[in-house]
Amino acid sequence: MGSTSKYDFNSPINRRGTNSSKWDGAVKVFGKEGLLPFWVADMDFRSAPEIIESLRKKVEFGVFGYPIMTDEAKKSVADWERTRHGWDVDFKHVSFMPGVVAGLSVAVQTFTAPGDGIIIQTPVYPPFFQVIKDNGRVVVENPLKETDLRFEMDFENLERVITENKNVKALILCSPHNPVARVWDRYELERLASVCLRHDIMVINDEIHQDLIYSDAKHTPLAVAAKELSPLLVTLVAPSKTFNIAGLSASAWIAEDPKVAERLSRSFATLHIGSINLLAIAALEEAYKNGAPWLESALKYLEGNRSFLEDFLNNKLPRVKMKHPEGTFIFWLDFRDYGFHNDELQRILVKEAGVALNPGTNFGANGDGFARLNIGCSRSQLEEGLERVERTFAKL
Ligand SMILES: Cc1ncc(COP(=O)(O)O)c(C=O)c1O
């Protein structure tokens with residue numbers, strides 16, 4: 001595929017032997033050599049040149065002492081939210097943390113007590129289950145509802161699970177949603193907020209995928225859709241997925257309500273994880289200030305991969321279904337037509353086809369018969385992976 005972009009997303013990069021979880025960690029997890037990896041949610045692209053340059057300067061300076069969390073860095077987050085997502089947030093409401101999952105766990109500890117119920121909408125990113133269970137809280141599932149066109153939040157069931165579980169204190173929202181690639185629309189977010197407000201449920205809002213939105217969708221931050229939710233809302237954001245810098249551990253949390261902010265700040269201070277490292281801060285600030293052109297190009301390339309995948313499925317693998325993805329680079333493939341349960345489906349994908357996709361049941365029991373595919377790679381790798389799947393499944 002030709003590209004007019006000044007950035008090269010199309011030439012494959014050999015990440016083997018680079019300490020990469022996705023490439024070098026696959027053998028241990030999947031038990032086979034030589035798999036093409038489509039699992040861990042990072043992209044096989046070099047990050048924006050501006051970010052690389054800012055890191056290069058820091059590395060060449062060569063002194064890696066303790067950094068300060070500057071207002072400049074906080075402003076870069078707030079400016080990004082304002083210009084990119086229409087969220088007019090004061091930079092004073094921005095704080096840093098090393099990882100979004102760490103932030104979810106701290107928020108769970110801060111706003112709920114052991115034994116409390118926390119709602120998640122399954123299938124969903126596996127650490128959502130873990131942070132609830134590891135903190136001694138109880139997972140309360142509100143499974144997504146499947147329609148012909150898309151997955152939706154099931155508001156009737158949400159009311160029911162809240163009524164039936166009197167101890168539900170929080171909901172972890174994934175917006176956009178990993179793995180079904182939904183970008184929740186404003187109406188859905190307003191409705192969710194009104195339910196949570198009515199029942200006094202804290203919303204721990206993971207918007208790590210907020211910037212990975214295709215041209216036919218629009219992301220609305222929950223804080224914009226429902227201003228009145230502020231006393232019950234914390235939002236977690238990061239440049240990690242957006243700019244492919246997940247290995248640098250840079251992320252931020254935003255709470256506009258002073259009480260929410262104070263409680264969370266205290267928790268982060270107690271755990272001593274309220275700052276991020278020198279390279280992380282440099283990359284984050286540069287990304288949010290100057291990374292937009294790179295992101296636009298990356299999104300175009302990913303959108304090309306999305307079209308390629310949709311065409312491939314329609315023409316060559318019609319029994320594998322996928323709802324039109326609206327955002328993220330991790331898509332939810334539906335193999336249910338073949339009738340295999342999770343372990344058998346994984347065995348075929350790994351042992352016969354030679355591809356590593358995340359097992360569907362990792363995202364909840366209703367993920368049986370599904371697998372998650374990461375399209376954040378060169379077109380040629382995507383094609384090779386899909387051809388491997390096609391060759392294998394043609395025989396079944
Ligand atoms: C919804 C969601 N939250 C959080 C993360 C990971 O965040 P972090 O690496 O900052 O802990 C991911 C990574 O795939 C994700 O999909």
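Hi everyone, this is a short walk through one structure, from its ligand to its strands. Please keep in mind that the model is predicted.

Let's begin with the ligand. Which residues come nearest to it, out of the 13 around it? They are A41, G99, V100, V101 and N178. As for the character of that shell, eight residues are nonpolar, four are polar and one is charged.

V100 leads us on to helix 5, which covers residues 100–111. With 12 residues at 1.5 Å each, this helix should span 16 Å, and its end C-alpha atoms are indeed 16 Å apart, so the two values agree. V100 is also one of the buried residues of helix 5. The others on that list are G103, L104, S105, V106, A107, V108 and F111.

Next, strand 7, residues 168–174. Is it enclosed or open? Seven of its seven residues are buried, so the strand is largely enclosed by the rest of the structure. On one hand it pairs with strand 3, residues 117–120, in the parallel sense over three bridges, and there G117 stands opposite V168. Strand 7 also runs parallel to strand 8, residues 202–206, with five bridges joining them. In that pairing, L173 has N205 as its bridge partner. If you follow the chain from strand 7 through helix 8, residues 186–199, to strand 8, you trace a right-handed β-α-β unit.

Strand 8 then takes us to strand 9. These two pair in the parallel sense over four bridges, with V203 opposite L233. Strand 9 itself, residues 233–237, has five of its five residues buried, so it too is largely enclosed by the rest of the structure. Which way do its residues point? L233, T235 and V237 point one way, V234 and L236 point the other way, and all are buried. Strand 9 pairs with strand 10, residues 251–254, in the antiparallel sense over three bridges. Here T235 stands opposite I254.

Last stop: an open sheet of three strands, in the order 11-14-13, with antiparallel pairing. Strand 11 (330–334) and strand 13 (358–359) are at the edges with a single partner strand each, so one side of each has no neighbour in the sheet. Five bridges join strand 11 to strand 14, residues 370–374, and W332 stands opposite R372 in that pair.

That's the tour, and thanks for listening!

Key:
Residues are numbered from 1 along each chain as its sequence is written. This is a predicted model: local features need pLDDT of at least 70, side-chain atom pairs count only at pLDDT 80 or more; totals for chains, interfaces and linings use all residues. A residue is near a molecule or strand if its C-beta atom, placed from the backbone, lies within 6 Å of it. Ala, Val, Leu, Ile, Met, Phe, Trp, Tyr, Cys and Pro count as nonpolar, Asp, Glu, Lys and Arg as charged, and the others, Gly among them, as polar. The expected span of a helix is 1.5 Å times one less than its number of residues. A residue is buried if 20 or more other C-beta atoms lie within 10 Å of its own, exposed if 12 or fewer, and partly exposed in between; C-beta atoms are placed from the backbone. Two strands pair if DSSP finds at least two bridges between them. A crossover is right-handed if, with the strands pointing away from the viewer, the path from the first strand over the helix to the second runs clockwise.
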